[in-house]
Amino acid sequence: MARNSDNYPSYEVPGEDFDPKREVEEAIDAGEKALVCLNRASKSLDSASGWGMLDIFGGGLISGLAKHHRIDEA
């Protein structure tokens, strides 16, 4: 890693100009997309938990299938 005159690291990527602002924006975008996916998975697992409770107390085949469907979604 080379250093520029302002004592900030500079990175050289072959065939590409490094743009720190773009990199930060891309990282934020990726983090936001990951958060959306994790929220969806959390909701599916919460739903599976509810179906699981019904399954424990005699919900039968339908509740078991619903529970596993929610787990698969997550």
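The legends below describe close-up views of a predicted model of one protein.

**Figure 1. Overview of the predicted protein and the order of its elements.** The protein contains two helices and two strands. Along the sequence these elements follow the pattern β-β-α-α. The protein has 74 residues, of which 11% count as buried. About 6200 Å² of the protein is exposed, and carbon and sulfur atoms supply 58% of that area. Among contacts with a separation of 6 or more, 17% are between residues 24 or more positions apart.

**Figure 2. Confidence along the model.** The mean pLDDT of the protein is 81. A value of 70 or more is reached by 78% of the residues. Confidence is lowest in strand S1, residues 2-3, where the mean is 48. Helix H1 has the highest confidence, with a mean of 89.

**Figure 3. Helix H1 from end to end.** H1 covers residues 20-56, which makes 37 residues. From its first C-alpha to its last, the helix reaches 53 Å, close to the 54 Å expected at 1.5 Å a residue. Gly-58 follows H1 and has a positive phi, near 95 degrees.

**Figure 4. The buried residues of helix H1.** Ala-41, Ser-44, Ala-48 and Gly-52 are the buried residues of H1. These residues pack against helix H2. An α-helix has 3.6 residues a turn, so residues three or four places apart point the same way.

**Figure 5. Ser-63 in helix H2.** Ser-63 belongs to H2, which spans residues 60-73. Is Ser-63 buried or exposed? The relative accessible area of Ser-63 is 1%, so this residue counts as buried, the limit being under 20%. Leaving aside residues up to four places away in sequence, Ser-63 touches Trp-51, Leu-54 and Asp-55.

**Figure 6. A nonpolar surface patch.** The patch is formed by Met-53, Ile-56 and Phe-57. Together these three residues have about 380 Å² of accessible area. Ile-56 lies in helix H1. With a relative accessible area of 60%, Ile-56 is exposed.

**Figure 7. The salt-bridge network of Arg-22, Glu-23 and Glu-26.** Four salt bridges are found in the whole structure. One of them joins the side chains of Arg-22 and Glu-23, at 3.2 Å from N to O. Arg-22 also meets Glu-26 in a salt bridge, here at 3.4 Å from N to O. Arg-22 and Glu-26 are four residues apart in helix H1, about one turn of the helix. Each of the linked residues is partly exposed: the relative accessibility is 27% for Arg-22, 30% for Glu-23 and 43% for Glu-26.

**Figure 8. The salt bridge between Asp-29 and Lys-33.** The side chains of Asp-29 and Lys-33 meet at 3.3 Å, N to O. How many residues apart are Asp-29 and Lys-33 in helix H1? They are four residues apart, and so about one helical turn separates them. Asp-29 is partly exposed, at 35% relative accessibility. Lys-33 has a relative accessible area of 52% and therefore counts as exposed, the limit being over 50%.

Terms used. Residues are numbered from 1 along each chain as its sequence is written. This is a predicted model: local features need pLDDT of at least 70, side-chain atom pairs count only at pLDDT 80 or more; totals for chains, interfaces and linings use all residues. Side-chain values use heavy atoms; hydrogens and water are left out. Buried means under 20% relative accessible area, exposed over 50%, partly exposed in between (1.4 Å probe, protein chains only). Contact means heavy atoms within 4.5 Å. Accessible areas come from the Shrake-Rupley method with a 1.4 Å probe; for residues, only the protein chains shown count as cover. Patches are made of residues with over 30% relative accessible area and no salt bridge: like charges are joined within 9 Å, nonpolar side chains (Val, Leu, Ile, Met, Phe, Trp, Tyr) within 5 Å. pLDDT is the predictor's confidence in each residue, from 0 to 100. The expected span of a helix is 1.5 Å times one less than its number of residues.
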